[in-house]
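Student: Can we go through the charged side chains of this one together? I'd like to reason from the values rather than just read off a list.

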Amino acid sequence: NPAAFLYKYKDIQLTQTQGGSLLILNAAKATLKGFDFDGEAFLTENISFTFGGAYVDSKYDEFLNGPTFTPNPAGGNIVGTGDLSGNRLIRTPKFTGNIGVKGSFPIGNDKITAQANLYHSGGFFFEAENRLKQGDYRTLSGEIAYEIGDMWRIWVFGRNITNTKYLVFGESGGLGDIVSAAPGRLYGVGAGFRF
């Protein structure tokens with residue numbers, strides 16, 4: 001399933017926290033273009049291979065007087081403005097992709113299902129200034145479930161099994177930079193009932 005896209009934004013808005021207040025900024029014009037695809041191929045009747053990916057080329061076509069933050073040797077950041085035209089859009093990696101495998105194995109009226117997925121994200125910026133950056137990262141997740149008839153389901157799962165360290169949030173301010181880390185490795189069990 002392939003698709004190509006082209007978005008042209010006018011009066012695109014961004015938010016920024018400053019002095020405890022949430023400000024809305026006008027980033028003027030931006031262009032976002034690229035393609036994505038996904039698919040599934042059955043290796044056997046019970047096992048399938050899933051895949052997907054995307055390439056995105058993004059930039060602010062016009063962003064005059066955008067916020068800038070220069071690290072201050074004495075602490076915090078020096079707040080200013082600058083021409084951010086040509087910078088990449090926030091939270092927009094150039095490349096993302098995933099591959100996975102799924103299996104379903106009948107046992108009488110019941111079945112065991114299993115799946116694993118590897119996700120890749122290219123690097124991206126948290127702010128229009130393109131200073132705070134999250135680099136490339138990959139995460140692995142998986143799940144094994146036992147389904148009893150059509151009603152009960154019991155499963156074990158793992159998220160970020162490789163314990164990859166990456167950021168989910170970043171922002172600059174006059175007092176300094178603030179970042180939040182993604183959850184580390186997580187395992188769990190669950191049970192469900194359909195009626």
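What follows is a short back-and-forth on salt bridges and a charged surface patch in this predicted model.

Student: How many salt bridges does the model have by this rule?

Tutor: Side chains of opposite charge can pair when their charged atoms come close. The rule asks for a side-chain nitrogen of Lys or Arg within 4 Å of a carboxyl oxygen of Asp or Glu. Going by that, the count comes to 6.

Student: Which parts of the chain does the pair E147 and K111 tie together?

Tutor: First, the pair itself: the side chains of E147 and K111 form a salt bridge, 3.9 Å from N to O. Their positions are 36 residues apart in sequence, so the bridge ties together strand β12 (residues 137–148), home of E147, and, for K111, strand β9 (residues 110–121).

Student: Is E147 buried or exposed?

Tutor: Buried means under 20% relative accessible area. Its partner K111 is at 31% and counts as partly exposed. E147 has 11%, so E147 is buried.

Student: Which residues are joined with K111 and E147 into one network?

Tutor: Look again at R131 and D177 before that: their side chains meet in a salt bridge at 2.7 Å, N to O. Elsewhere, salt bridges with shared partners make one network, and alongside K111 and E147 it holds E143 and R153.

Student: Where do R131 and D177 lie?

Tutor: Their salt bridge has an N to O distance of 2.7 Å. The pair links distant parts of the chain, 46 residues apart: R131 is in the loop between β10 (124–125) and β11 (133–134), and D177 is in strand β15 (residues 176–181).

Student: With which other residue does R131 form a salt bridge, at 3.8 Å?

Tutor: R131 has a relative accessibility of 27%, so R131 counts as partly exposed. The partner we want is buried, with a relative accessible area of 18%. The closest N and O atoms are 3.8 Å apart, and the residue is E129.

Student: Which strands each supply at least two residues of the positive patch?

Tutor: The positive surface patch is made up of K8, K10, K29, K33 and K59. One of these, K8, sits in strand β1. The strands that each give at least two residues are β1 (2–10) and β4 (29–42).

Student: Why does K8 count as exposed?

Tutor: The cut-off for exposed is over 50% relative accessible area. K8 is above that cut-off, so K8 counts as exposed, with a relative accessibility of 64%.

Terms used:
Residues numbered from 1 in each chain as written. Predicted model: local features only at pLDDT ≥ 70, side-chain atom pairs only at ≥ 80, totals over all residues. Heavy atoms only, no water. Patch = residues over 30% accessible without salt bridge, like charges linked within 9 Å, V, L, I, M, F, W, Y side chains within 5 Å. Areas by Shrake-Rupley, 256 points an atom, 1.4 Å probe, with all protein chains shown as cover. Lys, Arg positive; Asp, Glu negative; His and termini not counted. Charge placed at Lys NZ, Arg CZ, Asp CG, Glu CD. Helix = DSSP H or I, 4+ residues; strand = E, 2+ residues; numbered from the N terminus. Buried < 20%, exposed > 50% of the residue type's maximum accessible area, 1.4 Å probe, protein only.
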